[in-house]
Amino acid sequence: MRQLLDEAAKGGYGVGAFNVNNMEQIQSIMEAARETKSPVIIQASRGARAYSQDRFLYHLMIAATEIYPEIPTVLHLDHGNSVETCKSAIEMGFTSVMMDGSLMADGKTPSSFEYNVDVTRQVVELAHAKGVTVEGEIGCLGGIEDGHGAGLDGLSHLTDPEQAVEFVKQTGLDALAIAIGTSHGAYKFSSKPTGETLKMQRLIEIHKRLPNTHLVMHGSSSVPKDLQDIINQYGGKLKPTWGVPVEEIQLGIKNGVRKINVDTDNRLAITGAIRKVFMEKPEEFDPRSYLKPAREAMKKVVALRMTQFGQAGHASDYTPIPLAEMAKRYETVAA
Ligand code: G3H
Ligand code: 13P
Ligand code: ZN
């Protein structure tokens, strides 16, 4: 992933990191990447690893790289909660890991700066020795509905720019996730976010102090009204809600954001498409009759984001560097 983010920085674009749990989601992303000629970050949470028993995920990713050899593809661990979790991901073949030491291993309790530096530094050492990229997080995101987070609102643990500088210096990580008011899941903002609720100025300040660090925006689904409406039109019960507007993400990309995490928008697209088939064709019982439209709906969202983030058209700009070669590069930088 380090190479992919370096290329994105050179080209001044961002790269979406899309969560997966199953075959259809991987297919959606790879098809969107082929259509838009985009490099790809596929990410799996601890929940996704458990759901797919790890080995299914592994073999599905091998299939993805066999079927789409022209697409540079990263497999990234999302919100690793401990050094052990990151280690097992690296052993399985993830080419990038997130050590989220902003929270304790329970994934709920905000940690101390010292704890965060300690666990992140350990992961950097073991990951870089294998050529694997490391993302860390400083400050805490809001929300708990998807099982992550301290259950706080998005503004309680914003990233402190000075601490961010110190964190990068002490850990040697490759990419830094920051907290600027976003949260995971569908319920981020109760009205269109303003500078009071989504702190883009804070992001700009961090980028000014860390111009060479790849920034990561979590909780970056836009939760589009049309996707909410489809779900509700076909029997769903989503409450009115707002996500992160794409133009704010684009402002972030102009200010050092290279990785943008999106899961919820794809969940909404899939659920809406399935609900529509269930309601319109209650006689259907072949899973393909609803999984195909679901896959297509997710592909459309991913392709749109790839275009909006600017990664479209960049798949063939470079040849992926093998992990062993990356390990040598990290060794040289560290020496
Ligand atoms: O960061 C959260 C992602 O949306 C993954 O969520 O833990 O429910 O798989 P999950
Ligand atoms: P969303 O819930 O906004 O899609 O965020 C996903 C995320 O940050 C995964 O780490
Ligand atoms: Zn996240």
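Which residues are buried in helix 1 (residues 2-11)? I began my notebook with that one, and I should say at once that this is a predicted model.

**Entry 1: helix 1**

I found Gln3, Leu4, Leu5, Glu7 and Ala8 buried in helix 1. Next I looked up what these buried residues pack against, and the partners turned out to be strands: strand 1, strand 2, strand 3, strand 6 (175-178), strand 7 (214-217) and strand 8. Stepping past the end of helix 1, I came to Gly12, which has a positive phi, near 70 degrees.

**Entry 2: helix 2**

I moved on to helix 2, which covers residues 23-36. I wanted to check its length against expectation. At 1.5 Å a residue, its 14 residues should span 20 Å, and the end C-alpha atoms are indeed 20 Å apart, so the two agree.

Then I asked which residues of helix 2 are buried. My list reads Gln25, Ile26, Ser28, Ile29, Met30, Ala32, Ala33 and Thr36. A reminder to myself: an α-helix has 3.6 residues a turn, so residues three or four places apart point the same way. The buried residues of helix 2 pack against both strands and helices, namely strand 1 (15-19), strand 2 (40-44), strand 3, helix 4 (55-67), helix 11 (264-280) and helix 12 (287-309).

I looked at both ends too. At the N-terminal end, Asn22 acts as a cap for helix 2, with a side-chain oxygen 3.3 Å from the backbone nitrogen of Glu24. Just after helix 2 comes Lys37, with a positive phi of about 55 degrees.

**Entry 3: Gln43 in strand 2**

Is Gln43 buried or exposed? I located Gln43 in strand 2, and its relative accessibility is 0%, so Gln43 counts as buried. I then traced the polar partners of its side chain. One is the side chain of Asn19, in a polar contact of 3.0 Å. The backbone oxygen of Ala17 is another, 3.4 Å from a polar atom of the Gln43 side chain. Setting aside neighbours within four places in sequence, I noted contacts of Gln43 with Ala17, Phe18, Asn19, Val20, His76, Asp78, Lys259 and Asn261.

**Entry 4: the shell around ligand 2**

How many residues surround ligand 2? I read off 15, and the closest are Asp78, Lys188, Ser221, Asp263 and Thr264. Sorting the shell by type, I got one nonpolar residue, 11 polar and three charged. Strand 3 (73-80) and strand 8 (257-262) each supply at least two residues of this shell.

I went through some oxygen atoms of ligand 2 and what they meet:

- An N or O atom in the side chain of Ser221 is 2.7 Å from a ligand 2 oxygen.
- For the side chain of His218, the distance from an N or O atom to an oxygen of ligand 2 is 3.2 Å.
- Asp263 takes part through its backbone, where an N or O atom lies 2.6 Å from a ligand 2 oxygen.

On its own, ligand 2 has 310 Å² of accessible area, and the protein covers 97% of that.

**Entry 5: three loop residues**

I started with Ser220, in the loop between strand 7 and helix 9 (225-233). Its relative accessible area is 1%, so I wrote Ser220 down as buried. The Ser220 side chain reaches the backbone oxygen of Met217 at 3.3 Å. Beyond neighbours within four places in sequence, Ser220 is in contact with Lys188, Val244, Ile249, Ile260, Asn261 and Val262.

Next was Asp100, in the loop between strand 4 (96-99) and helix 6 (113-128). With 7% relative accessibility, Asp100 counts as buried. I found two side-chain partners: Ser102, in a polar contact of 2.6 Å, and His79, in one of 2.9 Å. Not counting residues up to four places away in sequence, Asp100 touches His79, Gly80 and Glu137.

Last came Gly139, in the loop between strand 5 (133-138) and helix 7 (161-171). Gly139 has a relative accessible area of 16%; the cut-off for buried is under 20%, so Gly139 is buried. I also checked Leu158, 19 residues away along the chain, and its C-alpha atom is 5.2 Å from that of Gly139. Leaving out neighbours within four places in sequence, the contacts of Gly139 are Ser102, His157, Leu158, Thr159 and Ala179.

Note on methods:
Residues numbered from 1 in each chain as written. Chains lettered and ligands numbered in written order. Predicted model: local features only at pLDDT ≥ 70, side-chain atom pairs only at ≥ 80, totals over all residues. Heavy atoms only, no water. Near = heavy atom within 4 Å. Polar contact = N/O pair within 3.5 Å; in protein donor to acceptor, adjacent residues only side chain to side chain. Areas by Shrake-Rupley, 256 points an atom, 1.4 Å probe, with all protein chains shown as cover. Helix = DSSP H or I, 4+ residues; strand = E, 2+ residues; numbered from the N terminus. Nonpolar A, V, L, I, M, F, W, Y, C, P; charged D, E, K, R; others polar. Expected span 1.5 Å × (residues − 1). Buried < 20%, exposed > 50% of the residue type's maximum accessible area, 1.4 Å probe, protein only. Contact = heavy atoms within 4.5 Å.
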